[in-house]
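The following note is offered to a colleague who is meeting this structure for the first time. Please read the numbered points with the sequence and the model at hand.

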Amino acid sequence: RGDDLWRAGDPGRSVKFYQRAMFFDPAWEAPVDRLAFAASMSGNAGALRYGIQVASQYLERNPASEKVRWDRAMCYLHLNMRRQGYADMKYLARAAFSRHDDDARRYADISYNLAMRLGQTDEARRFDSMRAVR
């Protein structure tokens, strides 16, 4: 139902259904992913912080969840929390690169730009070399 409400243009009500799904099955990735994604699209600081909180709690139990990690990174970046967003993007880039995933270049591009903005030129060079391989 949350997805139906989201598509119908009512993201506020969709969050309630995602919360309900998380309550009944805390191990289910989909409602956490959708809730954090909705938060990242909201532009609302309170919703972004809530998305980070929910995603972080889920990632404590499921650190390999790349969907939720991506959503949390986007929430961090919308709040201009670049260091935190960069940590998640760095994880995603390295994981995708290690398995030769199609997303590796996109993650490496984002990680490269964040590293440059953060003044971490050595790390930026590593991500630049990852971008060149693809």
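1. Arg126 has a relative accessible area of 47% and is therefore classed as partly exposed, since that class lies between under 20% for buried and over 50% for exposed. The residue belongs to helix H8, which runs through residues 121–133. In this predicted model, the C-alpha atoms of Arg126 and Val32 are 31 Å apart in space, and 94 residues separate the two in sequence.

2. The overall architecture may be set out next. The protein contains eight helices and zero strands. Followed along the sequence, the pattern reads α-α-α-α-α-α-α-α.

3. As to dimensions, the C-alpha trace spans about 45 × 30 × 25 Å along its principal axes. How does the radius of gyration of the protein stand against that of a compact globule with 134 residues? The globule would have a value near 14 Å, and the protein has 16 Å, which agrees.

4. On packing and surface, 40% of the 134 residues count as buried. Of the contacts between residues at least 6 apart in sequence, 48% join residues at least 24 apart. The exposed area of the protein is about 7,700 Å², and carbon and sulfur atoms supply 50% of that area.

5. The charged side chains comprise 23 positive and 17 negative ones. The centres of these two sets lie 4 Å apart.

6. Ser40 deserves separate attention. It is located in helix H3, residues 29–42. Is Ser40 buried or exposed? With a relative accessible area of 6%, Ser40 is buried, because the limit for that class is under 20%. A polar atom of the Ser40 side chain lies 2.7 Å from the backbone oxygen of Phe37. When residues up to four places away in sequence are not counted, Ser40 touches Leu48, Asp71, Met74, Cys75 and His78.

7. Arg69, in helix H5, is a charged residue to examine alongside the previous point. Its relative accessibility is 9%, so Arg69 counts as buried. Which backbone oxygen does the side chain of Arg69 reach? That atom belongs to Pro63, and the separation is 2.7 Å. Apart from neighbours within four places in sequence, Arg69 is in contact with Leu59, Pro63, Asp88, Tyr91 and Leu92.

8. Tyr91, one of the contacts of Arg69, is found in helix H6. At 32% relative accessibility, Tyr91 counts as partly exposed. With neighbours within four places in sequence left aside, the residues in contact with Tyr91 are Pro63, Ala64, Glu66 and Arg69. Pro63 thus appears in the contacts of Arg69 and in those of Tyr91. Tyr91 and Arg1 are 90 residues apart in sequence, and their C-alpha atoms are 32 Å apart in space.

9. The backbone at Asn80 should also be inspected. Asn80 has a phi near 60°, a positive value in a residue other than glycine. Where does Asn80 lie? The residue is in the loop between helix H5 (66–78) and helix H6 (82–98). Its relative accessibility is 57%, so Asn80 counts as exposed, the threshold being over 50%.

10. A further positive phi occurs at His100, where the value is near 55° in a residue other than glycine. His100 is placed in the loop between H6 and helix H7 (104–117). At 59% relative accessibility, His100 counts as exposed.

Definitions and conventions. Residues numbered from 1 in each chain as written. Predicted model: local features only at pLDDT ≥ 70, side-chain atom pairs only at ≥ 80, totals over all residues. Heavy atoms only, no water. Helix = DSSP H or I, 4+ residues; strand = E, 2+ residues; numbered from the N terminus. Buried < 20%, exposed > 50% of the residue type's maximum accessible area, 1.4 Å probe, protein only. Polar contact = N/O pair within 3.5 Å; in protein donor to acceptor, adjacent residues only side chain to side chain. Contact = heavy atoms within 4.5 Å. Rg over C-alpha atoms; globule rule 2.2 N^0.38 Å. Areas by Shrake-Rupley, 256 points an atom, 1.4 Å probe, with all protein chains shown as cover. Lys, Arg positive; Asp, Glu negative; His and termini not counted. Charge placed at Lys NZ, Arg CZ, Asp CG, Glu CD.
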